[in-house]
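Reader: I have just opened this structure and would like to learn how to read it. Could you take me through it feature by feature?

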Amino acid sequence: MPKKLIVLFIFGFTCHTLFAQAASDTSHLPEPFYTTFEDGLPVYSGRLFPGYASQIKGSPYLPAESWASGTVQYNNIPYNIASLKYNTYTDELIIQTPSRFSIIPVNYRISAFSLGEKKFIRIDSLRKTAEGNGFYELIAEGALSVLAKRKTTLEQKIEQMVLEY
């Protein structure tokens, strides 16, 4: 009887089939998540972007004219977004939803984002009114990182009783 038990015991250890899942990319949400929830994703919560007056010359956006695809780290979850712009005048990200609404997500919930190849990170100081708070472009990363603050200013002129921007 002990020989049969030992044989069964050894047989049990040698005849296991191992099952494993293939390694997958877990850095972003799976594609069905985007198609199922569409405009209901948390990253699409925020306020509508009203736009600017058409008489303003120049562009406060990165990229200047068109939308860019990128990634948004929102509440520590990375989202792949097809249409993004960064408003360097207000230091806010603008996202175009799948139904073509332009929204401004809640700024403090965004820790980082990318526009094409450009990467931006959010830096906050302990003071809420600190001038240095906001998004910075990550130029080089390493033991010593290089950051750049992108800022646009609006200049107003009055010429012949007409206000120009």
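Reader: What share of the contacts with a separation of 6 or more comes from residues 24 or more positions apart?

Author: Contacts can link residues that are far along the chain from one another. In this predicted model, residues 24 or more positions apart account for 50% of the contacts with a separation of 6 or more.

Reader: How many helices and strands does the protein have?

Author: It helps to list the elements from the N terminus on. The protein has two helices and twelve strands, and their order is α-α-β-β-β-β-β-β-β-β-β-β-β-β.

Reader: Which strands are joined to strand 9 by bridges?

Author: For a strand, look at the partners and at the direction in which they run. Strand 8 (residues 118–123) is antiparallel to strand 9, with four bridges between them; one of the bridge pairs is Arg-122 with Phe-135 in strand 9. Strand 10 also runs antiparallel to strand 9, with three bridges. Here Ala-140 stands opposite Val-146 of strand 10, and a hairpin of five residues joins strand 9 to strand 10.

Reader: Why is strand 9 said to be largely enclosed by the rest of the structure?

Author: Count its buried residues, taking buried to mean under 20% relative accessible area. In strand 9 (residues 134–140), five of the seven residues are buried, so the strand is largely enclosed by the rest of the structure. For the protein as a whole, buried residues make up 27% of the 165 residues.

Reader: Now a single residue. Is Asn-87 buried or exposed?

Author: The same cut-off of 20% applies to one residue. Asn-87 counts as buried because its relative accessibility is 1%. This residue belongs to strand 4 (residues 77–87).

Reader: What does Asn-87 touch?

Author: Leaving aside residues up to four places away in sequence, Asn-87 touches Phe-49, Tyr-52, Pro-60, Tyr-61, Glu-92 and Ile-94. In addition, a polar atom of the Asn-87 side chain lies 2.9 Å from the backbone nitrogen of Tyr-89.

Reader: And on the outside, which residues make the nonpolar surface patch of about 240 Å²?

Author: Tyr-52, Tyr-89 and Leu-154 make this patch. Leu-154 sits in the loop between strand 10 (146–148) and strand 11 (157–159), and it counts as partly exposed because its relative accessibility is 34%. For the whole protein, the accessible surface comes to about 12,000 Å², with 59% of it belonging to carbon and sulfur atoms.

Notes
Residues are numbered from 1 along each chain as its sequence is written. This is a predicted model: local features need pLDDT of at least 70, side-chain atom pairs count only at pLDDT 80 or more; totals for chains, interfaces and linings use all residues. Side-chain values use heavy atoms; hydrogens and water are left out. Patches are made of residues with over 30% relative accessible area and no salt bridge: like charges are joined within 9 Å, nonpolar side chains (Val, Leu, Ile, Met, Phe, Trp, Tyr) within 5 Å. Accessible areas come from the Shrake-Rupley method with a 1.4 Å probe; for residues, only the protein chains shown count as cover. A salt bridge is a side-chain nitrogen of Lys or Arg within 4 Å of a carboxyl oxygen of Asp or Glu. Buried means under 20% relative accessible area, exposed over 50%, partly exposed in between (1.4 Å probe, protein chains only). Two strands pair if DSSP finds at least two bridges between them. A polar contact is a pair of N or O atoms within 3.5 Å; within protein, one must be able to donate a hydrogen and the other to accept it, and residues adjacent in sequence count only if both atoms are side-chain atoms. Contact means heavy atoms within 4.5 Å.
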